[in-house]
Amino acid sequence: MEYLTGPSDFGQIHPTVSKFTPHPNGEVCISRQLKAIRSEENSKYLFYYIKDSYQDFQKLGQGTAIPGLNNKQIKDFEIPLPPKEEQDRVVEELDRRLSIVRNSKKQINRELKKVEKLRQSILSKAFKGNL
């Protein structure tokens, strides 16, 4: 049985198994630290809200080796739910702004690589006496 243990076994948004403990029968079990949330609401809205509430969930965690939340704690965690249209608008705006952030990070990383190449070139010329 495959045993999926937590965030290291899944991607940030969609479950993409990255590691597991294989057993021959092909069934899957998950540890108590993983919880599924089913709702008729906009799932991306819930994702953004829960991701933003990460520190709140951390404070609620119980256990010594691997802190986790029990079902009651999750059920009692209140998520403000505006009308569906507002949820969609919020998600659209967050997607737009986070896309700008992702693109900016990519551009910054490209520029940092250029800066590093320039630094290496300058150091190489300096040590060869070509400055």
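Buried means under 20% relative accessible area, exposed means over 50%, and partly exposed falls in between. These legends apply those words to a predicted model.

**Figure 1. The whole chain holds 4 helices and 2 strands.**
Along the sequence, the elements follow the pattern β-β-α-α-α-α. The protein chain has 131 residues, and 13% of them count as buried. Its exposed surface comes to about 10,800 Å². Carbon and sulfur atoms supply 57% of that surface. Now take the contacts with a separation of 6 or more: residues 24 or more positions apart account for 58% of them.

**Figure 2. Leu94, Leu98 and Val101 make a nonpolar patch on the surface.**
The patch covers about 200 Å². Leu94 sits in helix 4, which spans residues 84-127. Is Leu94 buried, exposed or partly exposed? Its relative accessible area is 31%, so Leu94 is partly exposed. A residue needs over 30% to belong to a patch, and Leu94 has 31%.

**Figure 3. Helix 1 has buried residues, among them Tyr45.**
Helix 1 runs over residues 43-52. Tyr45, Leu46 and Tyr48 are its buried residues. Look down the helix axis: they fall within an arc of 165°, so they line one face of helix 1. Which helix do these buried residues pack against? They pack against helix 4.

**Figure 4. Asn42 caps the N-terminal end of helix 1.**
The cap is a side-chain oxygen of Asn42. This oxygen lies 2.9 Å from the backbone nitrogen of Lys44. The side chain of Lys44 has a partner too, shown next.

**Figure 5. Asp95 and Lys44 form a salt bridge.**
Their closest N and O atoms are 3.1 Å apart. Asp95 belongs to helix 4 and Lys44 to helix 1, so the pair ties together parts that are 51 residues apart in sequence. Asp95 is partly exposed, at 23% relative accessible area. Lys44 is also partly exposed, at 34%. The whole structure contains 8 salt bridges.

**Figure 6. Asp76 and Lys72 form a salt bridge within helix 3.**
The closest N and O atoms of this pair are 2.5 Å apart. Helix 3 covers residues 71-76. How many residues apart are Asp76 and Lys72? They are 4 residues apart, which is about one helical turn. An α-helix has 3.6 residues a turn, so residues three or four places apart point the same way. Lys72 has 57% relative accessibility, so Lys72 counts as exposed. Asp76 has 45%, so Asp76 counts as partly exposed.

**Figure 7. Lys114 and Glu111 form a salt bridge in helix 4.**
The closest N and O atoms lie 3.5 Å apart. The two residues are 3 places apart, about one turn of the helix. Lys114 counts as exposed, at 52% relative accessibility. Glu111 is partly exposed, at 32%. Elsewhere, salt bridges that share partners join Glu93, Arg96 and Arg97 into one network.

**Figure 8. Gln87 is a buried residue of helix 4.**
Why does Gln87 count as buried? Its relative accessibility is 0%, and buried means under 20%. The side chain of Gln87 reaches the backbone oxygen of Pro82, at 2.8 Å. Setting aside residues up to four places away in sequence, Gln87 touches Glu41, Asn42, Tyr45, Leu81 and Pro82. Two of these names have appeared in earlier views: Asn42 caps helix 1, and Tyr45 is buried in helix 1.

**Figure 9. Leu81 lies in the loop between helix 3 and helix 4.**
Leu81 has 44% relative accessibility, so Leu81 counts as partly exposed. Which residues does Leu81 contact, leaving aside neighbours within four places in sequence? They are Glu41, Tyr45, Leu46 and Gln87. Take Glu41: Leu81 and Glu41 are 40 residues apart in sequence. In space, their C-alpha atoms are 8.1 Å apart. Tyr45 and Leu46 are buried residues of helix 1, and Gln87 belongs to helix 4.

Methods: Residues are numbered from 1 along each chain as its sequence is written. This is a predicted model: local features need pLDDT of at least 70, side-chain atom pairs count only at pLDDT 80 or more; totals for chains, interfaces and linings use all residues. Side-chain values use heavy atoms; hydrogens and water are left out. Patches are made of residues with over 30% relative accessible area and no salt bridge: like charges are joined within 9 Å, nonpolar side chains (Val, Leu, Ile, Met, Phe, Trp, Tyr) within 5 Å. Accessible areas come from the Shrake-Rupley method with a 1.4 Å probe; for residues, only the protein chains shown count as cover. A salt bridge is a side-chain nitrogen of Lys or Arg within 4 Å of a carboxyl oxygen of Asp or Glu. Buried means under 20% relative accessible area, exposed over 50%, partly exposed in between (1.4 Å probe, protein chains only). The arc is that of the directions from the helix axis to the C-beta atoms. Contact means heavy atoms within 4.5 Å. A polar contact is a pair of N or O atoms within 3.5 Å; within protein, one must be able to donate a hydrogen and the other to accept it, and residues adjacent in sequence count only if both atoms are side-chain atoms.
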